[in-house]
Amino acid sequence: FNYTYSVPSRIEVHPIGNDPASQRKRLLYYLKRGPVTRLEAKSFLQIQNLTRRVTELRKQGHRIETYIRYAPRIINGFKLDNRETIYILKELPESTR
């Protein structure tokens, strides 16, 4: 698995609210177009609890895989082990194809 972080070239304005159902709708929209990281979900989709939204989508039948990429960094002589969680939609459930 190889994923390079990419900031969306254009952020779409969503006329829907920020309740859990709206967040799931936004997240699924972007997952259909490619991987989503926790940073992207928080910054661009206004989803604070990405794990919960992913779990809810999985319960609806969406096959979403989780990948963790470790990116160690050294800041001021201290080694920090940064972990980035990446979610990928593998296939859509039968009812949404």
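Which helix do Arg53 and Glu56 both lie in, and how many residues apart are they? Keep that one in mind while you get your bearings; the tour comes back to it.

**Getting oriented**

What you have open is a predicted model, so colour it by confidence before anything else. The chain averages a pLDDT of 80, and 75% of the residues score at least 70. Confidence is highest in H3, at a mean of 96, and lowest in S3, at 80.

Now switch to cartoon. You should find 3 helices and 3 strands, and walking from the N terminus the order is α-β-α-α-β-β. Of the 97 residues in the chain, 30% are buried. Take the contacts with a separation of 6 or more: 52% of them are between residues 24 or more positions apart.

**Stop 1: helix H3 and its salt bridge**

Select Arg53 and Glu56. Both are in helix H3, 3 residues apart, which is about one turn of the helix. Their side chains meet in a salt bridge, 2.9 Å from N to O. Look at how each one sits: Arg53 is buried at 7% relative accessibility, while Glu56 is partly exposed at 22%.

Add Arg24 to the selection. Arg24, Arg53 and Glu56 are linked in a network of salt bridges.

**Stop 2: Leu50**

Stay in H3 and pick Leu50, which is also found in this helix. At 1% relative accessibility, Leu50 is buried. Show what surrounds it: setting aside neighbours within four places in sequence, Leu50 is in contact with Leu27, Thr37, Arg38, Ala41 and Tyr87. While Arg24 is still selected, try a distance between C-alpha atoms. Those of Leu50 and Arg24 are separated by 9.2 Å, with the two positions 26 residues apart along the chain.

**Stop 3: the largest nonpolar core**

Leu50 is a good way into the largest nonpolar core, which has 14 residues. Select Leu27, Leu31, Val36, Leu50 and Ile64 together: these touch the most other members. Helix H1 (20-31), helix H3 (50-59) and strand S3 (78-91) each supply at least two residues. H1 gives the most, with 4 residues.

Then centre on Ile64. Again leaving out neighbours within four places in sequence, Ile64 is in contact with Leu31, Val54, Leu57, Arg58, Tyr87, Ile88 and Leu89. Tyr87 is worth a label here, as it is among the contacts of Ile64 and among those of Leu50 too.

**Stop 4: two tyrosines and an arginine**

Which residues make up the aromatic pair, and how are their rings arranged? The count comes to 1 such pair. Select Tyr29 and Tyr30: the ring centres are 5.1 Å apart and the planes stand at 80°, so this is an edge-to-face pair. Turn on the surface and compare the partners. Tyr29 is partly exposed, with a relative accessible area of 27%, whereas Tyr30 is buried, at 17%.

Now bring in Arg33. Its charged end sits over the ring of Tyr29, 3.7 Å from the ring centre.

**Stop 5: more salt bridges**

The structure holds 4 salt bridges. You have been to Arg53 and Glu56 already, so head for the strands. Select Glu84 and Arg69, whose side chains meet at 2.4 Å, N to O. Glu84 lies in strand S3 and Arg69 in strand S2 (residues 63-75), so this salt bridge ties together parts that are 15 residues apart in sequence. Glu84 is buried, with a relative accessible area of 18%, and Arg69 is partly exposed at 31%.

Next, pick Arg63 and Glu65. Their side chains form a salt bridge at 2.9 Å, N to O. Arg63 is partly exposed, at 40% relative accessibility.

**Last stop: Gln46**

Finish in the loop between helix H2 (38-44) and H3, where you will find Gln46. Is Gln46 buried or partly exposed? With a relative accessible area of 41%, Gln46 is partly exposed. Check the backbone as well: phi of Gln46 is near 55°, a positive value in a residue other than glycine. Most residues other than glycine have a negative phi.

Methods
Residues are numbered from 1 along each chain as its sequence is written. Side-chain values use heavy atoms; hydrogens and water are left out. A nonpolar core is a set of buried Ala, Val, Leu, Ile, Met, Phe, Trp, Tyr and Cys residues joined through side-chain atoms within 4.5 Å. Buried means under 20% relative accessible area, exposed over 50%, partly exposed in between (1.4 Å probe, protein chains only). Contact means heavy atoms within 4.5 Å. Rings of Phe, Tyr and Trp (its six-membered ring) pair if their centres lie within 6.5 Å; planes under 30 degrees apart count as stacked, over 60 as edge-to-face and the rest as tilted. A charge sits over a ring if NZ of Lys or CZ of Arg is within 6 Å of the ring centre and within 35 degrees of the ring normal. pLDDT is the predictor's confidence in each residue, from 0 to 100.
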